[in-house]
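Work through the exercises below with the sequence and the structure at hand. Each task is followed by a solution in steps.

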Amino acid sequence: MSERDEFDEIARLFRPLTRGAPGAFDLLDDAAVLPSRPGYDLVVTKDAVVEGVHFPEGEAPDMVARKALRVNLSDLAAKGAEPFACFMALAWPRRYEARDRERFALGLAADLETYGLSLMGGDTVVAPGPLWVSITAMGWVPEGRMIRRGGARAGDLVLVSGSIGDATLGLAAVKGEIKDPRGRLIFRYRLPDPRVDLRDELRRIATAAADVSDGLVADAGHIAEASGLRLELDLDALPLSGPAASWLERQADPKAGLLRLATGGDDYEIVCAVPPGTQRPAGFTVVGRLVEGEGIAVRIGGQAVDAGPGGFRHL
């Protein structure tokens, strides 16, 4: 695209996504101004998704836009933050035509509206490689109340929200490795559901938290490491959906199946540490505890198992 075409397309596709935020200046400036909010801290996170790594090649553009936003919202959820605004940089593949870019913008618009964010700025380029999208998301949290990974204490219980392993099986279904007749598992993989609904509960009970993006074992391990503690995880307590439980029942090696579900990633649930005796909110399951020491101990049927790296590694 020529420079004029680029500016025209930004005005047409992305200016409406500012949702009238005055500091976005209708995306006509090189920078934005963020307002202050007395009594609150601004939490900032940044994640990128890349075609062929975080989503399949040829994925629908609107689904890519929504996933790119939602993985960032998942990070804000784990911090107990209320989503506020975002910036976006993306590289359009040369194969993308006008209708593909329009479909991307429509998907992003839908989720910005759903979650109450304004697009404040960013950058677009055309590149010969795959589609990639990088979003910086921001949210408000009461001053001094952001939930860190490193706040857990010895004796805290480890809780996880929702169910674990569906996205791992969804990716396997996308690859044709397993069947998913109702498409529920594939949908969990393609379109995460960030747990922004849990932020108030997390601020009430959690001493530490993280979103489950790389795998439950790995992300719970991040909390333990940041807190200077040892993680003890009981995979017999792993919360499973109906489809995941049915899949596990068919496995010749149930232990290997549990490990696959607990280390596969892309669940975008919340794993957190809470003091013992805390009233557990609905939708959370106790899966372990944090003790003095270091490292990770994973058990199935009371026996220690080797969980390897515990999840997806970026390098």
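## Exercise 1: A loop with positive phi values

Tyr 268 has a relative accessible area of 8%, so it is buried. The model is a predicted one.

Task: Find where Tyr 268 lies, and state which sign its phi has.

Solution.
- Step 1. Tyr 268 belongs to the loop that runs between α9 and β8.
- Step 2. Its phi is near 55 degrees, a positive value in a residue other than glycine.
- Step 3. Asp 266 also lies in the loop between α9 (254-263) and β8 (270-274).
- Step 4. For Asp 266, phi is near 70 degrees, again positive in a residue other than glycine.

## Exercise 2: The order of the sheet

Task: Give the strand order of the open sheet of four strands, and say which strands are at its edges.

Solution.
- Step 1. The order is β1-β4-β2-β3, and the pairing is mixed.
- Step 2. β1 and β3 (118-127) pair on one side only, which makes them the edge strands.
- Step 3. On average, neighbouring strands of this sheet are turned by 15 degrees against each other, direction ignored.

## Exercise 3: The surroundings of strand β4

Task: Decide how far strand β4 (residues 132-142) is enclosed, and describe how β4 is joined to β1 and to β2.

Solution.
- Step 1. A residue counts as buried under 20% relative accessible area.
- Step 2. In β4, 10 of the 11 residues are buried, so the strand is largely enclosed by the rest of the structure.
- Step 3. Strand β1 (residues 40-50) runs antiparallel to β4, and 11 bridges join the two. Leu 42 stands opposite Trp 140 of β4.
- Step 4. Strand β2 (residues 82-93) is also antiparallel to β4, with nine bridges between them. Trp 140 in β4 is the bridge partner of Glu 82, and Ala 137 in β4 stands opposite Cys 86.
- Step 5. As background, strands of a sheet pair through backbone hydrogen bonds, either parallel or antiparallel.

## Exercise 4: Two helices on the sheet

Task: Describe how α2 and α3 lie relative to the strands, and then how these two helices pack on each other.

Solution.
- Step 1. Helix α2 packs on the sheet and touches β1, β2 and β4; its direction makes about 140 degrees with that of β1.
- Step 2. Helix α3 lies across β2, β3 and β4, and runs at about 170 degrees to β2.
- Step 3. Between α2 (residues 61-78) and α3 (residues 98-115), the packing angle is about 35 degrees and the axes are 6 Å apart. The crossing of α2 past α3 is right-handed.
- Step 4. Residues of α2 in this contact include Val 64, Leu 69 and Leu 73, and those of α3 include Phe 104, Leu 108 and Leu 112.
- Step 5. Sorted by class, the contact of α2 with α3 has nine nonpolar, one polar and six charged residues.

Task: Is Arg 99 buried or exposed?

Solution.
- Step 1. Arg 99 is placed in helix α3.
- Step 2. The cut-off for exposed is over 50% relative accessible area. Arg 99 has 57% relative accessibility, so it counts as exposed.
- Step 3. Arg 99 and Pro 61 are 38 residues apart in sequence, and their C-alpha atoms are 9.6 Å apart in space.

## Exercise 5: Aromatic pairs

Task: How many aromatic pairs does a search of the whole structure find? Classify the pair of Phe 14 and Trp 92 and the pair of Phe 84 and Trp 140.

Solution.
- Step 1. The search finds four aromatic pairs.
- Step 2. Planes under 30 degrees apart count as stacked. The rings of Phe 14 and Trp 92 have planes at 15 degrees and centres 6.5 Å apart, so this pair is stacked.
- Step 3. Phe 14 is in helix α1 (residues 3-14) and Trp 92 in strand β2, so the pair ties together parts 78 residues apart in sequence. Both Phe 14 and Trp 92 are buried.
- Step 4. The pair of Phe 84 and Trp 140 is tilted, with 5.1 Å centre to centre and 40 degrees between the planes.
- Step 5. Phe 84 lies in strand β2 and Trp 140 in strand β4, so this pair ties together parts 56 residues apart in sequence. Phe 84 and Trp 140 are both buried.
- Step 6. Ring pairs also link Phe 14, Trp 92, Tyr 96 and Phe 104 into a cluster.

Definitions and conventions. Residues are numbered from 1 along each chain as its sequence is written. This is a predicted model: local features need pLDDT of at least 70, side-chain atom pairs count only at pLDDT 80 or more; totals for chains, interfaces and linings use all residues. Side-chain values use heavy atoms; hydrogens and water are left out. Axes are lines fitted to C-alpha atoms, for helices over the stretch in contact, and angles run from 0 to 180 degrees between N-to-C directions. A crossing is left-handed if the near helix is turned anticlockwise from the far one by less than a right angle, and right-handed if clockwise. Contact means heavy atoms within 4.5 Å. Ala, Val, Leu, Ile, Met, Phe, Trp, Tyr, Cys and Pro count as nonpolar, Asp, Glu, Lys and Arg as charged, and the others, Gly among them, as polar. Buried means under 20% relative accessible area, exposed over 50%, partly exposed in between (1.4 Å probe, protein chains only). Two strands pair if DSSP finds at least two bridges between them. Rings of Phe, Tyr and Trp (its six-membered ring) pair if their centres lie within 6.5 Å; planes under 30 degrees apart count as stacked, over 60 as edge-to-face and the rest as tilted.
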